[in-house]
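Biologist: Could you take one part of the fold and go through it closely, strand by strand, and then follow the chain out to whatever packs or turns beside it? I would like a connected account rather than a list.

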Amino acid sequence: MRDVVLKVEHLKKYYPLRHAGKGENALVKACDDVSFELRSGEVLGIVGESGCGKTTTMQSVIRLIEPTSGKITLCGQDFRSLKGKDLKEARTRMKLIFQDPYSSLNPRMTVREIIAEPLDIAHGCSSRKEREELVLQAMRQVGLDPAFANRYPHEFSGGQRQRIGIARAIILHPAVAICDEPVSALDVSIQAKIINLLKRLQKELGTAYIFISHDLGVVRHIADTVLVMYLGRVVEQGSCEAVFKNPLHPYTKALLASIPRIDSERGVPEAVLAGDVPSPANPPSGCLFHTRCPYSQSRCETESPLLRGTRDHQCACHFAETLAQ
């Protein structure tokens with residue numbers, strides 16, 4: 001069995017509301033009690049509508065923003081307790097691939113300087129020659145011509161810019177790469193090439209991915225396990241095969257039904273989401289999804305469901321067993 005490289009336990013990120021009273025709605029629970037394990041060489045897909053907490057979870061895991069509570073274990077080390085040089089060193093084992101391949105690159109730096117920046121920060125090279133060799137190797141790994149090393153980001157297409165960002169992320173061979181919607185800003189034909197590149201690098205380097213996306217078709221192609229979020233909470237998680245072939249939560253069913261397809265697929269029930277996503281500043285009582293759920297009952301309005309099921313497939317719904325039949 002592969003080693004666990006990242007373990008997140010009961011992660012929470014709450015934001016206080018300005019001018020709010022001392023009531024129970026004085027906090028926005030952007031990420032509320034999220035737990036998962038990520039093993040070496042695996043891909044965890046995090047999906048959900050805009051505003052569900054995907055990016056907040058990612059930022060909390062890598063500590064771009066400090067979590068309110070919870071435990072993060074990176075390569076056997078308590079990541080939340082680290083400070084200063086220890087934190088800087090640990091971050092070499094977890095890197096980001098951003099959504100926008102242009103704004104994430106410094107327009108004043110050449111490709112060589114952009115890709116080499118993590119090496120320079122980590123003091124990962126003993127000589128200029130070694131630095132140059134690692135930069136050119138990373139460029140070749142992502143399918144970029146080393147002759148382009150002296151060019152600037154504006155001279156490249158969107159797909160090429162994303163390859164530059166990927167090269168920057170993998171040059172230190174991190175244990176975990178967090179991909180925040182890395183193909184959503186690209187053309188469909190380029191999306192496939194970038195996804196195939198990420199899969200190839202996964203096999204070559206053994207890097208584990210957290211792949212954040214609202215496109216379930218892409219997640220289905222790349223992920224090993226899937227975590228479905230709604231209003232900051234996990235409503236369903238499990239293996240990719242289990243979640244896509246046998247979705248248990250009404251929200252997951254609705255998301256799957258919304259995937260564009262030429263002809264309907266058997267085994268995926270049709271479901272339509274009614275209404276809008278509630279405000280995270282004033283979430284519904286009980287089950288957060290009950291205001292939009294076609295199967296909602298009185299119990300859903302007062303009692304919050306727990307995430308339960310087998311290790312390979314869990315769901316937070318009072319009537320998951322009934323709906324699965």
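**Paired strands and their surroundings**

Modeller: Met 229 stands opposite Val 234 in strand 10, and this pair is a convenient place to start in what is a predicted model. Strand 9, residues 225-230, and strand 10 run antiparallel and are joined by six bridges. The two form a hairpin with two residues between the strands, and in that hairpin Leu 231 takes a positive phi near 50°. That value deserves attention because most residues other than glycine have a negative phi. Strand 10, residues 233-239, also pairs in the antiparallel sense with strand 12, residues 313-315, this time over three bridges. In that second pairing, Glu 236 stands opposite Cys 315 in strand 12. Five of the seven residues of strand 10 are buried, so the strand is largely enclosed by the rest of the structure.

Strand 7, residues 176-180, can be read in a similar way, beginning with its partners. Strand 6, residues 94-97, runs parallel to strand 7 and is joined to it by four bridges, with Lys 95 opposite Ala 177. Strand 8, residues 208-213, is likewise parallel to strand 7 and is joined to it by five bridges, and here the bridge partner of Ala 177 is Tyr 209. Ala 177 therefore has Lys 95 as its opposite residue and Tyr 209 as its bridge partner in strand 8, if the two pairings are read together and paired strands are taken as those with at least two bridges between them.

How buried is strand 7? Five of its five residues are buried, so strand 7 is largely enclosed by the rest of the structure. In a regular strand the side chains alternate between the two faces of the sheet, and it is useful to look at each side in turn. Val 176, Ile 178 and Asp 180 lie on one side and Ala 177 and Cys 179 on the other, and since all of them are buried, with under 20% relative accessible area, both faces of strand 7 are covered.

Beyond the strand, Glu 181 lies in the loop between strand 7 and helix 6. Its phi is near 45°, a positive value in a residue other than glycine, and at 10% relative accessibility Glu 181 counts as buried. A useful contrast is His 123, in the loop between helix 3 and helix 4, where phi is also positive, near 50°, but the residue is exposed, with a relative accessible area of 67%.

The loop that holds Glu 181 leads on to the helices. Helix 5, residues 158-170, and helix 6, residues 188-205, pack at an angle of about 20° with their axes 11 Å apart. That makes helix 5 roughly parallel to helix 6, because angles under 35 degrees count as such. Helix 5 passes helix 6 in a right-handed crossing. On the helix 5 side, Gly 159, Gln 162, Arg 163, Ile 166 and Ile 170 make the contact, and they meet residues of helix 6 that include Ile 190, Lys 193, Ile 194 and Leu 197. The residues of this contact divide into eight nonpolar, two polar and two charged.

Conventions
Residues are numbered from 1 along each chain as its sequence is written. This is a predicted model: local features need pLDDT of at least 70, side-chain atom pairs count only at pLDDT 80 or more; totals for chains, interfaces and linings use all residues. Side-chain values use heavy atoms; hydrogens and water are left out. Axes are lines fitted to C-alpha atoms, for helices over the stretch in contact, and angles run from 0 to 180 degrees between N-to-C directions. Angles under 35 degrees count as roughly parallel, over 145 as roughly antiparallel, 65 to 115 as roughly perpendicular and the rest as oblique. A crossing is left-handed if the near helix is turned anticlockwise from the far one by less than a right angle, and right-handed if clockwise. Contact means heavy atoms within 4.5 Å. Ala, Val, Leu, Ile, Met, Phe, Trp, Tyr, Cys and Pro count as nonpolar, Asp, Glu, Lys and Arg as charged, and the others, Gly among them, as polar. Buried means under 20% relative accessible area, exposed over 50%, partly exposed in between (1.4 Å probe, protein chains only).
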